[in-house]
Amino acid sequence: MGQGHSDEHVARNVSTEQLSHELALRFANKCFTPLEITHFKDIFRSLADDQDGVHYWKEETLCRFLVIPDALGPGPVLYQMATYLGAFPFPSLAPSILTIEAMLKVVVIMTERYRAVLKRGGTERNKL
């Protein structure tokens, strides 16, 4: 009977970064096939910059990967959008660094693969 209370107490001590990490893992496991995840990791790592052991994508990397032309100037807007989506579900963490976990969340949200993880994914789209 008292276990429910102690489980709630443990859940409250989890950081937002840890919860964000757990969400990215669930997205990876439930929204992609193992082959897709393998290719995603390979492509991300081959294009990523590294600073202090953190692999991340810069704006230029994202634009080069998406083959965005410089003439119209959408690169900064798309990069800003990705940094905010990468912080999902915690807007207080935005803008985020585009690590592999953040990019995974961006891809899941933009391709609408989140329905396998998030309840009422189709009906609550505006709340995302």
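**From the core to the loops**

The largest nonpolar core has 25 residues, and Phe27, Trp57, Leu62, Leu98, Met103 and Leu104 touch the most other members. Four helices each supply at least two residues of this core: α2 (16-31), α3 (34-47), α5 (75-85) and α6 (100-110). The largest share comes from α6, with six residues. The model is a predicted one.

Start with phenylalanine 27, one of the core residues that touch the most other members. Set aside its neighbours within four places in sequence. Phenylalanine 27 is then in contact with Phe32, Phe88, Leu104, Lys105, Val108, Tyr114, Val117 and Leu118. Leu104 is itself on the list of core residues that touch the most other members.

Now turn to tryptophan 57, another name on that list. Its relative accessibility is 3%, so tryptophan 57 counts as buried; the limit for buried is under 20%. The structure holds three aromatic pairs. In the pair of tryptophan 57 and phenylalanine 65, the ring centres are 5.2 Å apart and the planes stand at 55°, so the pair is tilted. Planes over 60 degrees apart would count as edge-to-face, and planes under 30 degrees apart as stacked. Phe44 joins Trp57 and Phe65 in one aromatic cluster.

What is the exposure of phenylalanine 65? Its relative accessible area is 41%, so phenylalanine 65 is partly exposed. Tryptophan 57, its partner in the tilted pair, is buried. Phenylalanine 65 also belongs to the surface. Together with Ile43 and Leu66, Phe65 makes a nonpolar surface patch of about 260 Å². Leucine 66 lies in helix α4, which spans residues 59-66. With a relative accessible area of 42%, leucine 66 is partly exposed. Phe65 is thus a member of both the aromatic cluster and the nonpolar patch.

Past leucine 66, look at valine 67. Valine 67 lies in the loop between α4 and α5. Its phi is positive, about 55°, although valine 67 is not a glycine. The relative accessible area of valine 67 is 68%, so this residue is exposed; exposed means over 50%.

Which other residue has a positive phi although it is not a glycine? Aspartate 52 does, with a phi of about 55°. Aspartate 52 is found in the loop between β1 (49-51) and β2 (54-56). At 77% relative accessibility, aspartate 52 counts as exposed.

The loop between α5 and α6 comes next. Proline 89 lies in this loop, and so does proline 95. A cis peptide bond joins phenylalanine 88 to proline 89, with omega about 5°. Another cis peptide bond joins alanine 94 to proline 95, with omega about -5°. Phe88 is also among the contacts of phenylalanine 27.

Finish on helix α6, where glutamate 101 is found. This is the helix that gives the core its largest share of residues. Glutamate 101 has a relative accessible area of 27% and is partly exposed. Which residues does glutamate 101 contact, leaving aside its neighbours within four places in sequence? They are His21 and Ala24. The C-alpha atoms of glutamate 101 and leucine 23 are separated by 9.0 Å, while the two residues are 78 residues apart along the chain. Residues 16-31 make up α2, which, like α6, supplies at least two residues of the core.

How values were computed: Residues are numbered from 1 along each chain as its sequence is written. This is a predicted model: local features need pLDDT of at least 70, side-chain atom pairs count only at pLDDT 80 or more; totals for chains, interfaces and linings use all residues. Side-chain values use heavy atoms; hydrogens and water are left out. Rings of Phe, Tyr and Trp (its six-membered ring) pair if their centres lie within 6.5 Å; planes under 30 degrees apart count as stacked, over 60 as edge-to-face and the rest as tilted. Buried means under 20% relative accessible area, exposed over 50%, partly exposed in between (1.4 Å probe, protein chains only). A nonpolar core is a set of buried Ala, Val, Leu, Ile, Met, Phe, Trp, Tyr and Cys residues joined through side-chain atoms within 4.5 Å. Contact means heavy atoms within 4.5 Å. Patches are made of residues with over 30% relative accessible area and no salt bridge: like charges are joined within 9 Å, nonpolar side chains (Val, Leu, Ile, Met, Phe, Trp, Tyr) within 5 Å. Accessible areas come from the Shrake-Rupley method with a 1.4 Å probe; for residues, only the protein chains shown count as cover. A salt bridge is a side-chain nitrogen of Lys or Arg within 4 Å of a carboxyl oxygen of Asp or Glu.
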